[in-house]
Amino acid sequence: MGFVKNSILGGCALLLAGAADELVGGESGQSKVKRPNVLLIMVDDMGFSDLGCYGGEVDTPNLDRLAAGGLRFTQFYNTGRCWPTRAALMTGRYPHDAGHAMMFGRDAPRAYKGTTKERALMIPEVLKPLGYRTYHVGKWHLQNREKGAKGRASWPLGRGFDRSYCVRRQDNFFNPKLISDEHFMVKRPGDNDLDYYITQAFTERAIHYLDEHQTYHRDEPFFLYLAHTAPHFPLHALPEDVAKFRQRYRVGWDVIRQQRLERMEQMGILKAKLSIRDADAVAWDSLSAEEQDEWSGRMAVHAAMIYRIDVGIGRIVEKLKSMKTLDDTLILFLSDNGASAEYIVRGDGNDAKAALGSGDTYRTLEVGWANASNTPFKFHKIWVHEGGISTPLIASWPAGIKAKGELTSELGHVIDVLPTVVDLAGGKVDVKVSGRSLVPVLRGSGEMDAERMIFWEHQGNRAIRQGDWKLVAQNEREWELYNLAEDRSETNNLIEVETARAEGMKESWQKWAKQQEVLRWSDLKKWSPTYSKDYRMK
């Protein structure tokens with residue numbers, strides 16, 4: 001397997017010679033295996049430690065079983081926000097290069113328009129010529145704002161998917177305003193119809209596509225991208241699922257954070273100090289009984305949303321077993337960013353008297369529980385400290401992954417998904433792709449580049465990781481430097497101690513930023529002043 005260095009930045013682009021045949025193998029002499037199907041599952045706004053197999057108390061037995069039979073990454077990253085992560089995931093490029101650093105529209109600078117560049121091929125566009133059947137279910141968030149044919153071409157069916165069941169707005173899990181099923185836009189009738197819950201609908205549609213594939217395309221491998229909107233706000237969940245967790249969080253976020261850290265250390269996921277409670281979060285014991293009831297209820301809904309995702313994953317796994325394709329299917333599960341501390345009311349607004357989790361409410365997790373969901377890390381969604389960009393990654397592939405229940409500390413980023421999938425499919429990736437194939441990690445065939453550099457920028461928040469070291473800064477603030485091998489929670493700033501290292505990393509970040517056409521955040525606010533708001537609870 002050969003890698004080509006991507007200019008000065010240490011990224012890698014995979015080049016694979018050879019056509020797409022049924023059996024693929026690397027140059028390392030690995031035994032050849034059948035090209036796998038790929039089930040890529042992305043959830044929305046889930047914290048690093050929410051899952052049971054990552055130290056959380058949320059019941060996720062199906063994901064825990066996949067982890068027990070596969071591999072868990074402990075240092076895998078996203079971009080810290082919804083659409084930049086999805087752009088990087090689908091194209092293998094950093095979001096600026098893909099045109100999705102922000103979504104400011106056609107008059108904005110190129111990297112910030114929110115229009116995926118046509119030359120930035122997406123996973124299904126690369127896989128289809130290799131004989132893969134491609135399916136999309138759930139969130140997209142990569143459509144551009146142009147009208148007519150150009151606008152339609154940016155939706156899943158215009159970017160290589162054969163079939164798509166796509167939610168356009170996610171303001172109500174029981175009554176989403178608009179859903180696209182194939183080429184048609186359909187409005188759900190009625191209000192808060194408990195017969196329809198979007199997480200369940202996504203599961204049903206995924207199973208429907210698998211049925212269709214088995215009937216008409218069983219000789220072709222498939223790529224199924226299942227992009228859940230849960231547990232993103234609004235906090236909506238089935239009543240029976242909320243009841244399951246209603247008492248669990250009354251101990252409060254301070255106790256939950258400590259309990260999670262202890263379990264994570266026992267599991268070997270990490271060894272770190274607990275970051276200081278977010279400055280915008282109060283001590284749990286300072287809340288009144290009524291406030292504790294409200295806040296514990298919100299976290300119960302968050303947990304219920306994740307639980308229902310897990311139930312659906314269990315059903316999909318059973319479907320793959322019945323199709324006799326589970327062993328030959330690579331399942332990847334991850335989150336688009338850390339848990340969100342945003343305080344937002346959208347859609348039909350929030351009825352404060354309505355039952356927690358019901359479609360008449362519009363509640364968010366906010367900073368106290370976001371801090372707990374991202375245990376033990378600092379900050380949350382939008383920020384590029386560890387709490388905003390760290391995600392679980394579970395990889396399960398019975399026929400291809402030797403590891404069973406193991407952990408890997410190899411560095412990875414969502415830009416690596418496209419090169420990995422295309423590598424396994426026997427295809428070729430554009431040299432401008434910034435990601436690298438993780439196939440050696442999946443197969444346990446060797447270590448990756450220990451000094452790899454990974455970069456971030458979002459709304460002025462910026463970071464670079466090189467090996468164990470991370471240089472990071474909040475918007476308009478000074479750089480901080482951390483040794484993540486010893487301080488994953490970013491509590492001990494070494495910027496004054498390791499000055500030469502910090503300067504070198506800063507220079508590398510600036511070279512990357514210039515190549516990616518990154519602009520100062522203060523120079524971009526005129527395109528959309530609302531994006532400059534700090535949504536953390538004050």
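These are my notebook entries on the cavities, one pocket, a strand hairpin and the nonpolar cores of a predicted model.

**Entry 1, cavities.** I began with the enclosed spaces and counted six cavities of 30 Å³ or more. For the largest cavity I noted a volume of about 60 Å³. I then listed what lines the largest cavity, and found Phe73, Phe76, Leu330, Leu332, Leu393, Asp416, Val417, Thr420, Leu438 and Leu442. Sorting that lining by class, I obtained eight nonpolar residues, one polar and one charged. I also asked which elements supply at least two residues each to this lining, and found strand S6 (71-77), strand S12 (329-335) and helix H12 (417-425).

**Entry 2, a pocket.** I turned next to the second largest pocket, which holds about 410 Å³ of space. Its lining comprises 21 residues, and those closest to the centre of the pocket are Gln75, Ser409, Leu411, Arg465 and Asp468. By class I recorded seven nonpolar, five polar and nine charged residues in the lining of this second largest pocket.

**Entry 3, strand S16 and its hairpin.** I looked up how far strand S16 (residues 453-458) is covered, and because six of its six residues are buried, I describe S16 as largely enclosed by the rest of the structure. Which residues lie on each side of S16? I found Met453, Phe455 and Glu457 on one side and Ile454, Trp456 and His458 on the other, and I note that both faces are covered, with all of these residues buried. I then followed the pairing of S16 with strand S17 (residues 461-466), which is antiparallel and runs over six bridges. Within this pair, I found Trp456 opposite Ala463 of S17. The two strands, S16 and S17, make a hairpin with two residues between them, and in the turn I noted that Gln459 has a positive phi of about 50 degrees.

**Entry 4, nonpolar cores.** I finished with the buried nonpolar sets, keeping in mind that in soluble globular proteins nonpolar side chains tend to be buried together. The largest nonpolar core contains 86 residues, and I noted Met90, Phe223 and Tyr225 as those with the most contacts inside it. I also recorded a second, separate core of 74 residues, which includes Tyr165, Tyr196, Leu226 and Tyr249. Returning to Met90, I listed its contacts, leaving aside neighbours within four places in sequence, and found Leu40, Leu121, Met122, Ile123, Pro124, Trp140, Leu142, Phe161, Phe223, Tyr225 and Leu418. Two residues in that list, Phe223 and Tyr225, are also named with Met90 among those with the most contacts inside the largest core.

Definitions and conventions:
Residues numbered from 1 in each chain as written. Predicted model: local features only at pLDDT ≥ 70, side-chain atom pairs only at ≥ 80, totals over all residues. Heavy atoms only, no water. 1 Å grid on protein atoms, 1.4 Å probe; cavity = no way out; pocket = protein on both sides within 12 Å on 5 of 7 lines; lining within 4 Å. Points joined across faces, edges and corners; volume = space filled by probe spheres on them. Helix = DSSP H or I, 4+ residues; strand = E, 2+ residues; numbered from the N terminus. Nonpolar A, V, L, I, M, F, W, Y, C, P; charged D, E, K, R; others polar. Buried < 20%, exposed > 50% of the residue type's maximum accessible area, 1.4 Å probe, protein only. Pairing = 2+ DSSP bridges. Core = buried A, V, L, I, M, F, W, Y, C linked by side-chain atoms within 4.5 Å. Contact = heavy atoms within 4.5 Å.
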